[in-house]
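Work through the exercises below with the sequence and the model at hand. Each task is followed by a solution in steps.

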Amino acid sequence: MWIPVARLPPRLRLSALAGAGRFCILGSGAATRKHLPARNRRGLSDCSPQLLPEPDFRNPPKKASRSSLDFKRYVTDRRLAETLAQIVCGKPNRPPHLLLECNPGPGILTEALLEAGAKVVALESDKTFIPHLESLGKNLDGKLRVIYCDFFRIDPRSGGAIKPPAMSSEELFKNLGIEEVPWTAGIPLKVFGMFPSRGEKRALWKLAYDLYSCTSIYKFGRIEINMFIGEKEFQKLMADPRNPKLYHVLSVIWQIACEIKVLHMEPWSSFDVYTRSGRLENTKRKEVLELLQQKLYLVQMTPRQNLFANSLTPMNYNIFFHLLKHCFGRRTATVIDHLRSLTPLDARDILMQIGKEEDEKVVNMHPQDFKRLFETIECSEDCAYKWLYDETLEDM
Amino acid sequence: MSVLWWGRGAAGFRRALPPCGPALVSPAGTLGGVCGPRRSSSANPQEQDQDRRKDWGHVELLEVLQARVRQLQAESVSEVVVDRVDVARLVPCSGWAQRLEKDQWVQRMRIQQLKANLQMQVQSGEFKVLPKHLQVKPQLLSKQLAMFLAPESSWEEQLPRVLQEAPRKLSLDVGRAPSTQAQLSGQQQKLLAFFKCCLLTDHLPLAHHLLVTHHSQRKKQKLLTLDMYNTVMLGWARQGAFKELVYVLLMVKDAGLTPDLLSYAAALQCLGRQDQDAGTIERCLEQMSQEGLELQALFTAVPLSEEEQATVLKAVHKVKPTFSLPRQPPPAVNTSKLLRDVYAKDGPVSYPKLHLPLKTLQSLFEKQLCVELASKVCVVSVEKPALPSKEVMHARKTLQTLRDHWERALCRVLQETKNRLEGEVHKGRFSLYPFLCLLDEREVARMLLEVLQGLPAPGESFTTLARELSARTFSRHVVQRQQLSGQVQALETYYRKYLHLLASDTKVPNPCLPRQYWEVLGAPEALREQPWPLPVQMELGKQLAEMLVQATQMPSSLNNPHGSSRLVPVLYHVYSFRNVQQIGVLKPHPAYVQLRETAAEPTLTFEAVDVPMLCPPLPWTSPHTGGFLLSPTKLMRTVEGATQHQELLETCPPTALHGALDALTQLGNCAWRVNGRVLDLVLQLFQAKGCPELGVPAPPSEAPQPAEAHLPHSAAPARKAELRRELARCQKVAREMHSLRAEALYRFSLAQHLRDCVFWLPHNMDFRGRTYPCPPHFNHLGSDVARALLEFAQGRPLGPHGLDWLKIHLVNLTGFKKREPLRKRLAFAEEVMDEILDSADQPMT
């Protein structure tokens, strides 16, 4: 299963030749190869914002992580690529959506997608792959476009000058000729990719902020995201009162905002792991072993049409986030205790309105209960001051 | 007032009940608790004798009172029985019942009064009457030492024998004596502070109780250090209570510690007060010299007040009539090479002689003393006064009503908390009880309300607030302490003498630097109190803040106060999420903030230390004396909570600090006044729309407003998101403007307040040696406007090139000739001189 790749790092070629894995995992070690441009070192340890060139004084940059847990994952198996293409593109007789593929790497999945008839925009953050990707789309009259861009660094929240591979969504979408569509309309485009292995949580938070505030990519409508996500984060994302240990703020935020479907599951054991010292065969490092036990889930996250139907809007979503963070700050406490420091309104009265007992615990509240709670307070009319929240409580 | 007293006493009794057991629930029992030790059979006859001798005058009265109480109690028991019968039978005879009722009432009142009297005497410390449940007798681990607890001979003879006892567990004591405060654990710091504070608030029996309970448990005993024993011993020594002192000494030995100078000083002081025979004292002194402690050091190394020193000396004189106090060593001089010229003996000394006569300076001193005794300053705000419309007046009235209400509520909560905390101590646990007793309840309540008044709308971080509260408590306590202990009078005397050095119309025989002069005057090193350890500060602050949260409530809708609206708290604990941190914030109710804004009260309240001084500051003579007259001032500013530097400064030889101390004193002695013409101009701008270009911030009404405040619900989410961004931007600008405006408001208000005064800015320095003025709001460190408001109170003629340098400075400020040499800048100034003069004459056109 040899793939014609213009200039692949030796490690990658090795894995492709061996054909043992269905994915190729490129350890950060590969990024230190001399022939890679220096900038890509940063690019490869992908989206973690602490590596942004702009200094952010509020969160001092941690040391760039060079551990063997820094992976870049690519789909290299053709059969898997075809399966995935089928899943993502849906039924063949429907008009295909525009597809943004994040970090396609060697382009095996891209090919499969193109074959399935999709229109693909490849956003690649590693310049090494770009010539090869461009060569893929030569005879397809514009069905494939390749852009040097890191999807997870579109509209960085830290502000400051935006340098590639970071990009502003405005510019990117203008280039692609994508129009804004209203929230209640259909899905304008799909995104396919994998969450960066290290910064899954960070990426989820960034997307959540963008989604609730209708900014960045979500300014253009309800964009559907199809992403591979690690098992741990996946379980947390889908958690609800039934497994209270994993239930946390992100689960509530995402379950309210999106319909989440699992499209596919792929075990890590079918992967090869490469680190700086070469192929990892039998490791004793606990974290790596744990990682290898996990599975990768392909989840589809479609923003709900009725998300902003009631009083939760992009105007006040930050209060909602604050409420959630507050509640999960002490998750074993009762909701009423939290409400007392969130709103000057009568907490008991509000709980009664949403039909909850006074001693309801935070972890027993379903995601929709939180939304209802928020909307009840937001709609209450007997007081001019509904919240104790203040913009200054949040740093953004 | 008496009712309040009674309430207090009653609460005390209730608390006293549980440990006494169910048998003492009747009023007889509670009273027995109060005068327990006197009647208890365990009391030593000798001790009673001794006690009788001591407070002879009062004992008679007490006994009479007790007898009467007993009598009344006996009556009240029968009365209870009658009462029960009465209820059971429902006696129809009304006349008899009425008489009975009346009798009962009279008796009850009598008992109450007696109890109140007794309680009052107990509280005021006139009698050494310990409530029964406070432990006095220690439980000793060593049996040999325990024999001393039941002595055959008098307590006086016990003392030297106890001192001679070899400490138990010799091996332990070397490792167990941490020398500095920093080496103590948090718990130990808290305990030590507790004992010291108990001494200050006359709660010595409580301190003793805690010491005994800790000593009797092996685990807790490890926490105790010699310092703690010494503190309690010193307390007993001041009261001349010999038995208790020996008890503590026994515990010291039992814990395996060797008494040090402080312990001997306490013992001797006690002997001095008791007027003991020479034999005991002699043996005591012998033991002391055997342990290698010098008698001289007793008077040099131990911090004692004058009166205490005299008592110790009295005791020593009995044995050694020839002994005299060691001479004060001559003031040492700094030997640093750099400062050699400054401290050279022969040359004339240069120090700032002020331009004011002695009389003026003295009256200024009086004024400053008043300010510091009040510990706060009310200043009229220079904000444009709000028109006294109906709305404003209503808001002010509401606010005042609420405040009165809150003050009462705070006093109540404070009382309850104190009761609860006292109970904690009775159970043998550390609590903040003595710290809360330092200040009067009303004063604490007012202080808390001032803090509430100044709380910013977005809230204040809880820890900052806690620190602020404990700092204010401490500073008020220090001022009050000095007032009570007569240090203020001493200060007054010395300061008046000191002014002779500075005043324009007086001369002193040997002019020297202010610090040296102050030292020559021989002002006693005031026993400045050490700041409390950090754990205590934080705990006290938190406790106070928590009380404020509990006590303050307001109606949920302020507009219809007559309607039945429920009460909501004014303060809320909220959290701010920064990255992964969660920061607790205390936030006022938005309605309260709104009310405060509407009321637009025309006065600002500052702490005394935030306002420049009205007289020359005290010369810096040590790391903790100098600057403000009474309020504690730090020589070195640091981050909150750091104590290491303080310890280093303490251990530093005094001469090494002279350079720094004298430099700060010189800076602080510079007199300032307000430049009235500039202030008028600035105020004119400030009360109009401000002028950011000229450095006068604009009022909040000038803040940018978003294009449309509200969108219909049906608007598109994207549009809402846009509006949100705009709103956020506007709010950010408004917040920035607000903080600039507030800073300017404080500065200009203080300038207006001090317009016709001469004032001084005491200085301190940071760890690099940079000097800063202590008053934060109004000083010469600041923007051009801030500096333009000030001028030297005593003008001096310019030097030969002075005017040229002024011209160059002016051109520098314009920034036009940044890259030109000085010559050209000067030339440019000459060139535009007409315009410069014109703008000076008509600045606003």
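**Exercise 1: the interface**

Task: count the residue pairs in polar contact between chain A and chain B, then describe the contact surface.

Solution. Between chain A and chain B there are 2 residue pairs in polar contact, both at pLDDT 80 or more; a polar contact is a pair of N or O atoms within 3.5 Å, where within protein one must be able to donate a hydrogen and the other to accept it, and residues adjacent in sequence count only if both atoms are side-chain atoms. On the side of chain A that touches chain B, helix H12 (residues 317-329) of chain A gives the most, with 6 residues. That side divides into 15 nonpolar, 13 polar and 7 charged residues. Here Ala, Val, Leu, Ile, Met, Phe, Trp, Tyr, Cys and Pro are nonpolar, Asp, Glu, Lys and Arg charged, and the others, Gly among them, polar.

Next, take the salt bridges: 0 are found across the interface of chain A and chain B, the rule being a side-chain nitrogen of Lys or Arg within 4 Å of a carboxyl oxygen of Asp or Glu. Last, the extent: 35 residues from chain A and 30 residues from chain B take part in the contact (heavy atoms within 4.5 Å). The area buried between the chains is about 2800 Å², with 60% from carbon and sulfur atoms; buried area is the accessible area (1.4 Å probe) that two parts lose on being put together, summed over both.

The model is predicted: local features need pLDDT of at least 70, side-chain atom pairs count only at pLDDT 80 or more, and totals for chains, interfaces and linings use all residues. Residues are numbered from 1 along each chain as its sequence is written, chains are lettered from A and ligands numbered from 1 in the order in which they are written, and side-chain values use heavy atoms, leaving out hydrogens and water.

**Exercise 2: a helix in each chain**

Task: check the length of helix H8 (residues 200-213) of chain A and of helix H12 (residues 226-239) of chain B.

Solution. Helices (H or I, at least four residues) and strands (E, at least two) are DSSP runs, numbered from the N terminus. The expected span of a helix is 1.5 Å times one less than its number of residues. For H8(A), 14 residues should span 20 Å, and the end C-alpha atoms are 20 Å apart, so the values agree. H12(B) also has 14 residues, an expected span of 20 Å and end C-alpha atoms 20 Å apart, which agrees.

Then look at burial (buried: under 20% relative accessible area; exposed: over 50%; partly exposed in between; 1.4 Å probe, protein chains only). In H8(A), 11 of 14 residues are buried, including Leu204(A), Leu207(A) and Tyr212(A). In H12(B), 11 of 14 residues are buried, among them Met228(B) and Trp236(B). Helix H9 (186-200) and helix H13 (242-254) of chain B are among the elements that cover the buried residues of H12(B).

Finally, inspect the ends. Cys214(A), just after H8(A), has a positive phi of about 55°; Gly240(B), just after H12(B), has one of about 70°.

**Exercise 3: two residues**

Task: is Thr110(A) buried or exposed, and what does Val380(B) touch?

Solution. Thr110(A) lies in helix H5 (residues 108-115) of chain A. Its relative accessibility is 0%, so Thr110(A) counts as buried. Beyond four places in sequence, its contacts include Glu101(A), Val120(A) and Leu144(A).

Val380(B) is in strand E1 (residues 376-380) of chain B. Its relative accessible area is 57%, so Val380(B) is exposed. Not counting residues up to four places away in sequence, Val380(B) touches Pro602(B), Thr603(B) and Ser749(B).
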